[in-house]
Amino acid sequence: MEQVLARLRAAAEATRLRLLAICAECELTVSEITQIIGQSQPRVSRHLKLLCEAGLLVRFREGTWVFYRTPHSGAGADLVQPILALLPADDEIMSLDRARLDQVKAQREKIATEYFRANAEDWDQIRSLHVDEAVVEQALLDAVGDLSGGRILDIGTGTGRILELLGRNAEEGVGVDMSREMLAVARARLQRADLSNCLVRQADMYQLPYPGGMFDVVTLHQVLHFAEKPDVAIAEAARVLAPGGKLVVVDFAAHDRDELREEHAHRRLGFEDSSINTWFHACELVFDNVINLPGKPLTVRIWTAHAAMRETGQTRTNSTDRAAE
């Protein structure tokens with residue numbers, strides 16, 4: 001009861017209610033929040049601290065930036081949603097907050113679009129070498145299967161397209177990438193798709209900031225050919241799979257297009273089935289299937305495996321919120 005009262009006391013202030021309302025819409029930095037709320041950064045920071053301590057907001061660092069949002073699940077989320085439902089939609093101050101929030105979203109979209117446009121020529125050149133991306137995406141959807149109530153992790157999420165594709169049917173989706181520029185693109189994409197159940201984080205694929213057994217599906221889409229240590233990336237992906245969870249690797253079959261190394265920083269010229277299967281076996285994954293999607297000249301393959309069911313005394317974490325703090 002004391003925890004509930006503490007959360008209610010934390011929310012029972014006009015500015016903090018405004019903060020909860022805008023942070024329920026998307027992840028926001030302190031500077032973005034001050035722009036929306038129109039208050040000084042020290043004052044906003046004090047309110048954010050109180051809300052985080054009460055569990056009504058979660059914070060996470062991305063380089064030198066710190067983002068805030070309302071939790072997706074857990075006791076804090078259970079309280080936030082009913083509180084926000086009570087707020088009048090026509091309140092003048094909150095309407096102004098929403099208008100300023102729309103401006104922040106528009107600015108994010110502009111930055112993401114400019115970055116994408118600057119790099120689109122390289123991506124288009126690579127896409128022209130293999131089968132149409134729509135074919136790959138449909139095959140990926142078929143390989144993943146039913147995601148209802150599941151939690152997914154997309155490693156090396158890039159533009160966030162795979163998270164957008166799979167996240168609609170999942171309970172929760174997380175995309176990780178080391179590039180802040182790509183995370184900005186991914187956030188804009190998820191924002192545009194209105195996927196509030198999905199989020200992105202800056203993280204190293206060799207050292208994921210999540211406990212073991214957390215995700216039902218983990219995807220590595222066109223990531224491994226950039227990796228210095230693809231076997232380690234697969235092992236780390238396997239570590240965070242729940243028992244029975246599925247790992248899906250989408251990448252090129254072995255090829256001889258050496259120019260991709262020099263022009264596009266590919267570390268590996270695709271992969272043999274034997275290599276992927278060896279890495280699956282090394283981390284005790286059970287091989288399921290491989291799908292071939294021939295192109296000219298590159299062939300895309302989708303390798304799937306699953307984590308064996310096992311007895312464990314550990315309780316699965318209920319949300320990515322705590323891991324993100």
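Are Y210 and F215 buried or exposed? I looked them up first: Y210 is buried, and F215 is buried too. A reminder to myself that this is a predicted model.

**Aromatic rings**

I searched the whole structure for aromatic pairs and got 4. Y210 and F215 have ring centres 5.4 Å apart and planes at 85°, so I logged this pair as edge-to-face. Next I checked F271 and W279: the centres are 5.9 Å apart and the planes stand at 75°, so this pair is edge-to-face as well. F271 has 3% relative accessibility, so I put it down as buried. W279 comes out at 16%, and because the cut-off for buried is under 20%, W279 also counts as buried. I also noted one aromatic cluster, made up of F60, W65 and F67.

**Charges over rings**

What sits over the ring of W65? I found the charged end of R180 there, 3.8 Å from the ring centre. W65 is also a member of the cluster with F60 and F67. My other entry under this heading is K229, which lies over the face of Y206 at 4.8 Å from the ring centre.

**Strand β7 and its neighbours**

I then turned to β7, residues 215–221. Of its 7 residues, 6 are buried, so the strand is largely enclosed by the rest of the structure. Which strands pair with it? On one count, β4 (residues 151–155) is joined to β7 by 4 bridges, and the two run parallel. In that pairing I picked out D154, which stands opposite T219. β8 (residues 241–252) is linked to β7 by 6 bridges, again in parallel. There I noted H221, whose bridge partner in β8 is V250. Following the chain from β7 to β8, I passed through helix α10 (residues 230–239), and this β-α-β crossover is right-handed.

**Nonpolar cores**

How many residues does the largest nonpolar core have? I read off 32, and the residues with the most contacts inside it are L153, I155, Y210, V218, L220, L247 and F280. Elements giving two or more residues to this core include β4, β5 (172–177), β7, α12 and β10. The biggest giver is α10, with 4 residues. I took a closer look at L220: leaving out residues up to four places away in sequence, it touches I155, I234, A237, L247, V248, V249 and V250. There is also a second, separate core of 30 residues, and L147, L165, C198 and F252 are among its members. My margin note: in soluble globular proteins, nonpolar side chains tend to be buried together.

**Backbone oddities**

Last, I went through the backbone. Which residues does a cis peptide bond join? I found K296 and P297, with omega about 5°. P297 lies in the loop between β9 (285–293) and β10 (300–307).

I also flagged D194, which is not a glycine yet has a positive phi of about 60°. D194 belongs to the loop between α9 (180–192) and β6 (198–202). Its relative accessible area is 64%, so I recorded D194 as exposed.

E284 got a similar flag, with a positive phi of about 65° although it is not a glycine. I placed E284 in the loop between α12 (273–282) and β9. With 65% relative accessibility, E284 counts as exposed.

Conventions:
Residues numbered from 1 in each chain as written. Predicted model: local features only at pLDDT ≥ 70, side-chain atom pairs only at ≥ 80, totals over all residues. Heavy atoms only, no water. Buried < 20%, exposed > 50% of the residue type's maximum accessible area, 1.4 Å probe, protein only. Phe/Tyr/Trp six-rings, centres within 6.5 Å; stacked < 30°, edge-to-face > 60°. Lys NZ or Arg CZ within 6 Å of the ring centre and 35° of its normal. Pairing = 2+ DSSP bridges. Right-handed = clockwise from strand over helix to strand, strands pointing away. Core = buried A, V, L, I, M, F, W, Y, C linked by side-chain atoms within 4.5 Å. Contact = heavy atoms within 4.5 Å.
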